[in-house]
Structure formats: structure tokens, C-alpha cells
Amino acid sequence: MTQKIVFYYGPKSGFRRHLPKRLPITTISELAIYSDRKMREHTFKIQSARRGAENPEKEAERLQVPCLVAFSEQYASISESAINSFLSFIGQFDVGSIYLQNPPMHVVSQFESLHSRVKTIRYDYRTLDFDCLRRINREYDGVIIGQPEVKEKLLKALYPLASGSSEKPAVLLFYGPTGVGKSETAKYLSDVMGQTLLRRQFSMFHSNEFSSYLFGGRHTGNCLAKDLMERESNVILFDEFDKPNPVFHSAFYQVFDEGIYEDRNYRADARRALIICTSNYASAEEARERLGAPIFARFDSVIEFKPLSEETQREILRKRIREATAALSEEERKHVDEESVAASLAWTLDGENGARGIEHAVKDKISEELLKWALAGIIWEMSGDFAPEG
């Protein structure tokens, strides 16, 4: 007789906090392994009996499972048929309490059909508030250099979310050249909310793979709905949103409008989230033309990130050098001249590299300087080994 049934929607870190402390836990993966082994043993006994061997032993007692737990990734360890007949699968065992993290809809519907009394727990995502807006207003220009016009547009776009006047997510499109602060802004906003950014790089997908990822394929595969359910943050970044074929945009209509994302296996809740899509479009007009009116109209704000001026790039260069040297040990800092590093990297200020290119160049140059120092020390030590005594 089931004591307790809990459906938990959210990340594993939160799910673990709700698991019972005093009950021995059996995971769905462990149960699947046990079931497969018993099935093989049963098959072997039947085959032995048919060959004239001793009669199969009496059916063993059913396995006692005081607490059955399924983590999100473990549904892939059981077959499609076990998902579609989940209650029959666990019915082979004497199961007590059941705790399921982000269960597939096929599993949920089976419990609903039995009118089971299920306790549903949802992870409490921190949402943007007015304290966050005040912090952004104070800090943004010092964190994202060279985009003074972005802050005002950003604050206006985020106000409805901070006020709590709507359950729908705030959906923003950032456009402009690479390396000017679009992705960094998303990371910063996630930091402001004290959460780990959910970032998905859309340029990494090929068409067939992307179709399964968006609309759902076999329950064993990766999918966006599952990623959204397991996220730690209410800040979601769809990087390079302009790269996939526009035929896939229909997958985002409901989540942009209502905050609900549903595929053939899962239903994810992204209400009151902040969804940021980045692109390399040169203008809002180009974005509208290339993306198409249906998806473009669903953005609450379309924000331009402008190319970085030479002075802005110089300021970024100096800042990245300061940050990189500050992370060094006291001894290492003695061997890095910040002014010399800045002078040697003047070539990076050509407008093509962006902030990301500058950061990489700074890391390479400082590593080069430290390598020279380290190798010089090694050579000196080696020469000292062969130096005559006295």
C-alpha cells in the first residue's frame, strides 16, 4: 500500500532536500536492473524445466521497496514500454512511498487515471524584484562596458517581471555583433539573481537533432523541456537564436506567450522567467525579416548592442589585464608588467575581436610572460646542478 506519492518539479539539488531521511531508498534504475535479472533467471528456469530438469522453484517473495525514487535522468534506464505502463512495472514490487523528479507526462497520467492522491512540489525559483533592478542600475555600466544605452532599455523591459504584474516570462532579443556584451549581460543578470544561468547554444545543433531536442523524441533522449524542468535558474539564455531554421520557431510560441513548454514527453513551467535570445543581426529590421513576424512579435523588447569603440576596447583591455593579474599569486605578479602587456596587445583594438577576443588575448599574453619566467628559472636551476662546487 503506497504511503506517499510525491511529484517534484525542479533541479536535483532541490529534489534531494525533499527525500525522506529515515527510509532506505531504491532508485528506479536499481529496480530496472533487479527486474531484468529476475526476468533472465525466470526464463532460464522455464527453459531448464522444458529440457527435463527439476521443476522451477516456487515464485520468490516480492521485493520490498520502502521508498522508490526516480531522478530525472533515470527514466532513460527503463524501457519505453515500462514508461507507458509505469504502474504495472512498479506493481511487480511491494512499493511504499514514491518520489519522482520531473516525471514524464505518460507517467503522470497513469497516476491521475487512478485518482491517486499525489503531492506536487515545485522548486521555488527566485524571480527578479526591485532590489535586482536597483542593483542593475548601479552596476551595469561598470560590468558591461561600452553599452550605455542598453541599461535603460533593459530596466524598462524587466520592470513588469519585477513588479509581479504578470505570470508570463520576460522575453528579450539582444542583437548586434559578436563579443559586445550580449551573453555577458545574460550571465550578469543570472548573477544578480544568485542563480546558475541555463544556457543553450543553438548553433551546436543540426536540423534532425534539433527537431528531437525541441519537440521530443524517445524519452531516453535529451530535450529542451527536460532541461527547462531541471534548471537551477530562472534566467534562460538561448544563445545564437538566429542560427536554427525558422521552421523551428513554432516550438517557442507557447513558452514565450505563457511560460509553458511542452513536447511529447514533458511539460515544463517557465513562468516569470527571464528568457534572453541572442543574435548577430545588424538591425531590428533585419531580425524581423529573418525571424519572421510571428516569433518577432513575441519578444517583449528588442535591444541593440552596438559595436565597441576603440576607447571602449582600450578600457576593456585595461580591465581584463587588472582582473587577470589580480588572480595571480604574489610571486607571479612580480613578473607581469601591466603596461607592457597593454602596449603589446594594442593590435586587439581593431573592432573585430570584441570583448571576448580581448580577454583571450590577455590570458595568452600573461601566460606567455609567466612561461618565460618559469622557463628561465628551470634553466637556471639546471645549470646550477652542473655548476662546479666551491
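Buried means under 20% relative accessible area, exposed means over 50%, and partly exposed is in between (1.4 Å probe, protein chains only). This is a predicted model, in which local features need pLDDT of at least 70, side-chain atom pairs count only at pLDDT 80 or more, and totals for chains, interfaces and linings use all residues. Residues are numbered from 1 along each chain as its sequence is written, and side-chain values use heavy atoms, with hydrogens and water left out.

**View 1. Helix α8 is mostly covered.** Helices (H or I, at least four residues) and strands (E, at least two) are DSSP runs, numbered from the N terminus. Helix α8 spans residues 182–192, and 8 of its 11 residues are buried. Those are K182, S183, T185, A186, Y188, L189, S190 and V192. After α8 comes G194, with a positive phi near 65°.

**View 2. Helices α6 and α7 pack against each other.** Here α6 (residues 130–143) and α7 (residues 148–163) have axes 10 Å apart, at an angle of about 175°. Axes are lines fitted to C-alpha atoms, for helices over the stretch in contact, and angles run from 0 to 180 degrees between N-to-C directions. That makes α6 roughly antiparallel to α7 (the word applies to angles over 145 degrees; under 35 is roughly parallel, 65 to 115 roughly perpendicular, and the rest oblique). On the α6 side, the residues that meet α7 include F130, L133 and I136, while L154, L155 and L158 are among those from α7.

**View 3. Five strands make an open, parallel sheet.** The order is β7-β8-β11-β6-β12, where two strands pair if DSSP finds at least two bridges between them. β7 (198–201) and β12 (301–304) stand at the edges with a single partner strand each, so one side of each has no neighbour in the sheet. From one strand to the next, the twist averages 20°. Look at β6 (residues 170–175): 4 bridges join it to β12, and Y175 stands opposite E304 in β12.

**View 4. S29 sits in helix α2 (residues 28–50).** S29 is buried, at a relative accessible area of 18%. Leaving aside neighbours within four places in sequence, S29 is in contact (heavy atoms within 4.5 Å) with Q74 and S77.

**View 5. Two stretches have pLDDT under 50.** pLDDT is the predictor's confidence in each residue, from 0 to 100. The chain's mean is 86, and 89% of its residues reach 70 or more. Residues 42–47 stay under 50, with 3 contacts beyond four places in sequence. Residues 386–390 are also below 50, with 0 contacts beyond near neighbours in sequence. Where pLDDT is low, the predicted coordinates should not be read in detail.
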